[in-house]
Number of protein chains: 2
Amino acid sequence: MLGLVAGGGLLPVYFCRNAKKDGKKIITVAIKNEADKSLWKHSKEIYWYDIGDFGKAINTFKKLGIRKVFIVGKVRKVRLFSALKPDMRLFKLFMSLRNKKDSTLIQAVIKEFEKEGIKILPMTVYLKPLLAKKGVLTKRKPCRQEIEDIKYGFKEAKKLADADIGQTVIVKDKKVITVEGAEGTDETIKRGGHLAGDGAVCVKVARTVQDMRIDIPGAGVETIKQLAKANIKCLALQSGKVFLIDKNKIKKEADKNKICVVVC
Amino acid sequence: MLGLVAGGGLLPVYFCRNAKKDGKKIITVAIKNEADKSLWKHSKEIYWYDIGDFGKAINTFKKLGIRKVFIVGKVRKVRLFSALKPDMRLFKLFMSLRNKKDSTLIQAVIKEFEKEGIKILPMTVYLKPLLAKKGVLTKRKPCRQEIEDIKYGFKEAKKLADADIGQTVIVKDKKVITVEGAEGTDETIKRGGHLAGDGAVCVKVARTVQDMRIDIPGAGVETIKQLAKANIKCLALQSGKVFLIDKNKIKKEADKNKICVVVC
């Protein structure tokens, strides 16, 4: 039996399916208002907890004798900063942090599980096929200007990711138009498209030292829809470090909107 | 006779007043929808041009025999990216740019004036008293946590400013919550406050190599009002490099809202 803490998006669903195919039984702790409703279908048992119910989650796994847990899916950061009602255990953990950087928080959460004899395993175990591979995914290839902006954007995005600021930038004519902070990729795309007018590119990368256990950036059909709305026609992702969530759907949606998706 | 290209905000108004006190006559080219309406009171002559009428502006100064021009005030970047209707001269200039970074654009504009024998003078000539001086401006002093975040934010903001990305960051508990891109300070404050909840600080700096002729960051009463709305209680500015536009009003508005303003 394996444990799963499920955040938002489709990654946890894919995770469950793949683990089931491998003959594993999954006990899911699903985060209310984040996790996908369909998760119950793929889990042996499912518990819906509030984002702040950290102690409850740990105790559930302990009671069921689960020693191996995966943490998969996103949590909207706005909820961590303003809508969080932490239980005592999470509150203490927050108070002990040196800072509120993503990486600091993640490492603290992992440690807290480990204190209770629960190991956090890398989610890539059941999600490896989703990691983006080098190449152009779409019919349309990037034009020369876009290639220039992708190169420039990669360099800048790497710096920002490594400073633990954000992992997405919108670039046009070698100028960074918007930078992702705690507001997430979709908001950044929206703002960037509005400000840049035509011809911007979106670049998403991972940190150079990224804990591949639980914090892997991803792009999905929703990302493409946001790009289309924002009139941004090019998405570049870092190979081997970013999940492509449902490649075929991404390709279809991107082709429909003449967006090119490049993995480099 | 001195020339002035006037963008938005109160800086051009202060500039005119101070230059007049010094016995100078000012011919103003005011940017429509940006420059303050009251500028006519302080100018010998005023011409209202669209943001894209670059050639017209240069020709006006040439015709009047003006050889010394100041460029003062902000232009909302969103207008440069999406609402701009450049005349042929500006269009050619844009086409010749290596990239669309602020600093590249500014240097190209200065050069274009110089080609016509018009010198762009540093606006600090008549605005020096407005440059922020070290110290705490307000009744409330920053608390220990705020001091830590200011220090951290300064370091990060400097990196971002030097990469020509943005000059303002919102920080909380040593995490950068939002970064200014092309959307401007007010939008960044709004987003940061919404995401950070209580206790964030706002840090604004200049680039290490900033062309002090025409591109000096500023903070005014409006900045304080935005901070108050966003529930951000601390503003830190770089001394000698950022304009405090109307210090007394800033102080009053900040004290009213228990915001501390620190210049360091």
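In this predicted model, helix H8 of chain B, residues 185-196, lies across three strands of chain B, namely E7 (168-172), E8 and E9 (201-204). The helix runs at about 135° to E8(B). The strands beneath this topic belong to an open sheet of six strands, ordered E6-E13-E11-E9-E7-E8 in chain B, with mixed pairing. Strands E6 (135-136) and E8 (175-179) of chain B stand at the edges of this sheet; each has a single partner strand, so one side of each is left without a neighbour in the sheet. Elsewhere in the order, E11 (residues 234-237) and E13 (residues 260-263) of chain B run parallel and are joined by four bridges. Within that pair, B:Cys260 of E13(B) is the residue that stands opposite B:Cys234.

Chain B also holds an open sheet of five strands, and here the pairing is parallel, in the order E3-E2-E1-E4-E5. Its edge strands are E3 (45-49) and E5 (119-120) of chain B, each of which pairs on one side only. Strand E4 (residues 68-72) of chain B runs parallel to E5(B), to which it is joined by two bridges. One residue pair can be named here: B:Val69 has B:Ile120 in E5(B) as its bridge partner. Helix H3 of chain B (residues 54-63) lies across four strands of chain B, E1 (2-6), E2 (26-31), E3 and E4, and runs at about 160° to E3(B).

Attention now turns to how helices pack against one another. Two packed helices are described by the angle between their axes and the distance between the axes. For H5 (residues 88-95) and H6 (residues 102-115) of chain B, the angle is about 130° and the axes are 10 Å apart. H5(B) and H6(B) are therefore oblique to each other, and their crossing is right-handed. On the H5(B) side the contact is made by B:Arg89, B:Leu93 and B:Phe94, while H6(B) contributes B:Leu105, B:Ala108, B:Val109 and B:Glu112. Sorted by class, the contact of H5(B) with H6(B) has five nonpolar and two charged residues, with no polar ones.

A second helix pair in chain B joins H9 (residues 221-229) and H10 (residues 247-256), whose axes lie 8 Å apart at an angle of about 15°. H9(B) and H10(B) are therefore roughly parallel to each other, and H9(B) passes H10(B) in a right-handed crossing. The contact draws on B:Val221, B:Ile224 and B:Lys225 from H9(B), and on B:Lys249, B:Ile250, B:Glu253 and B:Ala254 from H10(B). By class, there are four nonpolar, no polar and three charged residues in the contact of H9(B) with H10(B).

In chain A, the secondary structure comes to ten helices and 13 strands. The C-alpha trace of chain A spans about 55 × 40 × 30 Å along its principal axes. Its radius of gyration of 19 Å agrees with the value near 18 Å that a compact globule of 264 residues would have. Among the helices of chain A, H3 (residues 54-63) and H6 (residues 102-115) have axes that come within 11 Å and cross at roughly 40°. That angle makes H3(A) oblique to H6(A), and H3(A) passes H6(A) in a right-handed crossing. Here A:Phe54, A:Ile58 and A:Phe61 of H3(A) meet A:Val109, A:Glu112 and A:Phe113 of H6(A). The residues of this contact divide into five nonpolar, no polar and one charged.

Note on methods:
Residues are numbered from 1 along each chain as its sequence is written. Chains are lettered from A and ligands numbered from 1 in the order in which they are written. This is a predicted model: local features need pLDDT of at least 70, side-chain atom pairs count only at pLDDT 80 or more; totals for chains, interfaces and linings use all residues. Side-chain values use heavy atoms; hydrogens and water are left out. Two strands pair if DSSP finds at least two bridges between them. Contact means heavy atoms within 4.5 Å. Axes are lines fitted to C-alpha atoms, for helices over the stretch in contact, and angles run from 0 to 180 degrees between N-to-C directions. Angles under 35 degrees count as roughly parallel, over 145 as roughly antiparallel, 65 to 115 as roughly perpendicular and the rest as oblique. A crossing is left-handed if the near helix is turned anticlockwise from the far one by less than a right angle, and right-handed if clockwise. Ala, Val, Leu, Ile, Met, Phe, Trp, Tyr, Cys and Pro count as nonpolar, Asp, Glu, Lys and Arg as charged, and the others, Gly among them, as polar. The radius of gyration is taken over C-alpha atoms; the globule rule is 2.2 Å times the number of residues to the power 0.38.
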